[in-house]
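Please look over the sequence and the structure below before turning to the briefing that follows.

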Amino acid sequence: MIKARIIVTLKTGVLDPQGKAIESALSNLGIEGVGQVRQGKVFDVTLEGDDAASAKTRLDAMCEQLLANTVIENYAVEIDHG
Amino acid sequence: MKTAVVLLPGLNRDRDMIAALTTITGKVPATVWQTETALPDVDLVVVPGGFSFGDYLRAGAIAARSPVMRAVAEAAAKGVPVLGVCNGFQILCEAGLLPGALMRNAALRFVCREVKLEVTNARTRFSTAYEQGQIIRCPVAHHDGNYFADEATLKALQDHDRIVFRYADGTNPNGAINDIAGIVNAAGNVLGMMPHPENLIEPDHGGTDGRGIFESALGVSQSVAA
């Protein structure tokens with residue numbers, strides 16, 4: 001079995017109002033020195049089989065077809081996480 | 001004329017859409033459940049508003065991968081007019097039938113109010129009942145209506161006159177780029193829009209400004225439909 005972690009983030013230049021709201025909340029907490037916050041998503045996925053190359057192909061396919069909206073989001077795949 | 005309404009779990013504007021289509025066509029539209037793989041032979045397919053699959057992952061993302069949306073894509077490819085309203089617009093974008101994406105409203109708030117729309121292209125098959133540049137009233141009710149597309153896509157939309165409606169008079173409720181409220185595909189037979197024209201079609205609604213979209217798409221005149 002292969003474990004993978006997929007991280008989906010907003011592309012540079014895409015407005016992230018949720019990140020902005022978090023920035024302001026952090027400021028309200030008195031935490032100093034916070035620059036920019038960008039919110040993303042994490043997916044932990046287990047896959048059958050042990051072939052990392054095959055897993056990468058399937059993980060990329062799931063990102064392209066569903067997990068990320070590539071109009072606005074980038075994704076990164078980490079295999080064998082943890 | 002015959003119409004069909006796509007039904008998905010979590011939609012909540014399907015009944016309003018069915019009522020509007022029934023009023024305008026005189027016939028109850030066919031309904032097509034998410035698991036169905038074919039559409040009936042109709043003159044207009046509508047993907048209504050709501051929160052399909054609870055907006056899980058992204059608004060419209062799960063619905064866009066449902067069997068019925070493959071059937072909608074096939075119908076659209078054959079030239080059947082397809083209208084997506086609100087969540088329907090989000091679903092059509094997620095399904096790749098329209099370009100761009102609908103993101104969280106810039107002010108992070110759900111907006112439920114009336115806006116003004118400028119008819120920026122009155123020559124599409126969804127907008128001939130209006131005058132070019134006409135300002136119409138239309139209600140909106142959404143949390144993810146902030147239209148975004150990259151510069152190349154925006155230029156293509158602009159250059160090919162595919163922006164049908166823009167929020168007018170400073171009423172952009174969601175931060176949508178270039179005030180975009182509704183666009184058509186390259187072939188001109190798929191329209192997606194965030195506002196709800198189905199909620200402004202009878203005098204008892206407080207106005208009939210939304211009728212023109214259905215009348216244009218179905219080729220019925222105001223007098224016949226009234």
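Are helix 1 of chain B and helix 6 of chain B parallel, perpendicular or oblique to each other? They are oblique to each other, a class that takes in angles outside the ranges under 35 degrees (roughly parallel), 65 to 115 (roughly perpendicular) and over 145 (roughly antiparallel). This is a predicted model, in which local features need pLDDT of at least 70, side-chain atom pairs count only at pLDDT 80 or more, and totals for chains, interfaces and linings use all residues. Residues are numbered from 1 along each chain as its sequence is written, chains are lettered from A in the order in which they are written, and side-chain values use heavy atoms, with hydrogens and water left out.

**Helix pair in chain B**
- The axes of helix 1 (residues 14-25) and helix 6 of chain B come within 11 Å and cross at roughly 60 degrees.
- Met17(B), Leu21(B), Ile24(B) and Thr25(B) of helix 1 meet Arg211(B), Phe214(B) and Leu218(B) of helix 6, where contact means heavy atoms within 4.5 Å.
- By class, this contact has 5 nonpolar, 1 polar and 1 charged residues.

**Surroundings of helix 6**
- Helix 6 of chain B (residues 211-218) is largely enclosed by the rest of the structure, because 8 of its 8 residues are buried, that is, under 20% relative accessible area with a 1.4 Å probe, protein chains only.
- Helix 6 of chain B is followed by Gly219(B), whose phi is positive, near 65 degrees.

**Chain interface**
- 16 residues of chain A are in contact with 14 residues of chain B.
- Chain A and chain B bury about 1200 Å² between them, 69% of it on carbon and sulfur atoms, this being accessible area (1.4 Å probe) lost on being put together, summed over both.
- Pro17(A), Leu66(A) and Val71(A) supply 37% of the area that chain A buries against chain B, more than any other three residues.

Methods. Buried means under 20% relative accessible area, exposed over 50%, partly exposed in between (1.4 Å probe, protein chains only). Helices (H or I, at least four residues) and strands (E, at least two) are DSSP runs, numbered from the N terminus. Axes are lines fitted to C-alpha atoms, for helices over the stretch in contact, and angles run from 0 to 180 degrees between N-to-C directions. Ala, Val, Leu, Ile, Met, Phe, Trp, Tyr, Cys and Pro count as nonpolar, Asp, Glu, Lys and Arg as charged, and the others, Gly among them, as polar. Buried area is the accessible area (1.4 Å probe) that two parts lose on being put together, summed over both.
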